[in-house]
Amino acid sequence: MADWTSLKLAWEPRALSILRLVTGLLYLQSGLNKFFNFPPGAQPRAYDLFTLVPGLAGILETFGGILLIFGLFTRPVAFILCGEMAFAYFMAHAPRGLYPYSNGGSLAVLFCFVFLYLFVAGGGAWSLDRVLRRSGASISGATARRAA
């Protein structure tokens, strides 16, 4: 019989990193579609920087996706992207109907709540945030030892 507590302790931070990585890859795909029409969409729209969609949305999705993939600045990026998805849902999907399934907003709602979770939980075990936190702790610990 497996010890579920030790399994949870070992794999929960790793599963969080996998969720962050896959979400970042999917989100990057949306941004690249807005910039380069890759992967090709059904109705390509010319990129215009000075618009909300695809302008600002393309920038947030591309760079936010890249930062999430690497787990760099995960909490602030996830907070911004959560807001972007909430805004996208209420501006583009909610006017078309009450239910996300029928108004085409299921993915926006799902992204919004995954980003909210990443904002609260952080980047996980396999993130640059964690590496930088360890480096900063070891540097400040060494400085404190030398000063004493």
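## A walk through the helices and loops

Phenylalanine 73 sits in the loop between H2 and H3, and it makes a handy place to begin a tour of this predicted model. The backbone at phenylalanine 73 has a phi near 55°, a positive value in a residue that is not glycine. Is phenylalanine 73 buried or exposed? The answer lies in between: phenylalanine 73 counts as partly exposed because its relative accessibility is 49%.

From this loop, step forward into helix H3, which covers residues 74–93, and look across to helix H5, residues 106–121. Two packed helices are described by the angle between their axes and the distance between the axes. For H3 and H5, the axes come within 8 Å and cross at roughly 160°. An angle over 145 degrees counts as roughly antiparallel, so H3 is roughly antiparallel to H5. The crossing in which H3 passes H5 is left-handed. On the H3 side, the residues in contact include Thr74, Ala78, Leu81, Met85 and Tyr89, while those on the H5 side include Ala108, Phe111, Cys112, Phe115 and Leu118. Sorted by class, the contact of H3 with H5 holds 17 nonpolar, two polar and one charged residues.

One residue of H3 deserves a pause. Which residues does methionine 85 touch, once its neighbours within four places in sequence are left aside? Methionine 85 is in contact with Tyr27, Glu61, Ala108, Phe111, Cys112 and Phe115. Methionine 85 also appears in the largest nonpolar core, a set of 15 residues. Along with Met85, the residues with the most contacts inside this core are Tyr27, Leu68, Leu81, Phe111, Phe115 and Leu118. Helices H1 (4–36), H3 and H5 each supply at least two residues of the core. In soluble globular proteins, nonpolar side chains tend to be buried together.

Now bring helix H1 into view, starting with the way it meets H5. These two helices pack at an angle of about 135°, with their axes 11 Å apart. Angles over 145 degrees would count as roughly antiparallel and those from 65 to 115 as roughly perpendicular; this one falls in neither range, so H1 is oblique to H5. The crossing of H1 and H5 is left-handed. H1 brings Leu16, Leu19, Arg20, Thr23, Leu26 and Tyr27 to the contact, and H5 brings Phe111, Val114, Phe115, Tyr117, Leu118 and Ala121. By class, 10 of the residues in the contact of H1 with H5 are nonpolar, one is polar and one is charged.

H1 also packs against helix H2, residues 52–70. Here the angle is about 150° and the axes are 7 Å apart, which means that H1 is roughly antiparallel to H2. H1 passes H2 in a left-handed crossing. The residues of the contact of H1 with H2 comprise 15 nonpolar, six polar and three charged.

For a closer look at H2, find isoleucine 69, which belongs to this helix. Isoleucine 69 is buried because its relative accessible area is 18%, and buried means under 20%. Leaving aside neighbours within four places in sequence, isoleucine 69 is in contact with Arg20, Leu21, Gly24, Leu25 and Leu28. How far apart are isoleucine 69 and serine 30, in sequence and in space? Along the chain they are 39 residues apart, and from C-alpha to C-alpha they are 14 Å apart.

The loop between H1 and H2 has details of its own. Asparagine 37 is found there, and although it is not a glycine, it has a positive phi of about 50°. With a relative accessible area of 28%, asparagine 37 is partly exposed. Proline 39 lies in this loop between H1 and H2 too, and a cis peptide bond joins phenylalanine 38 to proline 39, with omega about -5°. Another cis peptide bond, with omega about 10°, joins valine 53 and proline 54; proline 54 is found in helix H2.

A last stop is proline 95, placed in the loop between H3 and helix H4 (100–103). Proline 95 counts as exposed because its relative accessibility is 62%, and the cut-off for exposed is over 50%. Apart from neighbours within four places in sequence, proline 95 is in contact with Tyr89 and Phe90.

Notes:
Residues are numbered from 1 along each chain as its sequence is written. This is a predicted model: local features need pLDDT of at least 70, side-chain atom pairs count only at pLDDT 80 or more; totals for chains, interfaces and linings use all residues. Side-chain values use heavy atoms; hydrogens and water are left out. Axes are lines fitted to C-alpha atoms, for helices over the stretch in contact, and angles run from 0 to 180 degrees between N-to-C directions. Helices (H or I, at least four residues) and strands (E, at least two) are DSSP runs, numbered from the N terminus. Angles under 35 degrees count as roughly parallel, over 145 as roughly antiparallel, 65 to 115 as roughly perpendicular and the rest as oblique. A crossing is left-handed if the near helix is turned anticlockwise from the far one by less than a right angle, and right-handed if clockwise. Contact means heavy atoms within 4.5 Å. Ala, Val, Leu, Ile, Met, Phe, Trp, Tyr, Cys and Pro count as nonpolar, Asp, Glu, Lys and Arg as charged, and the others, Gly among them, as polar. Buried means under 20% relative accessible area, exposed over 50%, partly exposed in between (1.4 Å probe, protein chains only). A nonpolar core is a set of buried Ala, Val, Leu, Ile, Met, Phe, Trp, Tyr and Cys residues joined through side-chain atoms within 4.5 Å.
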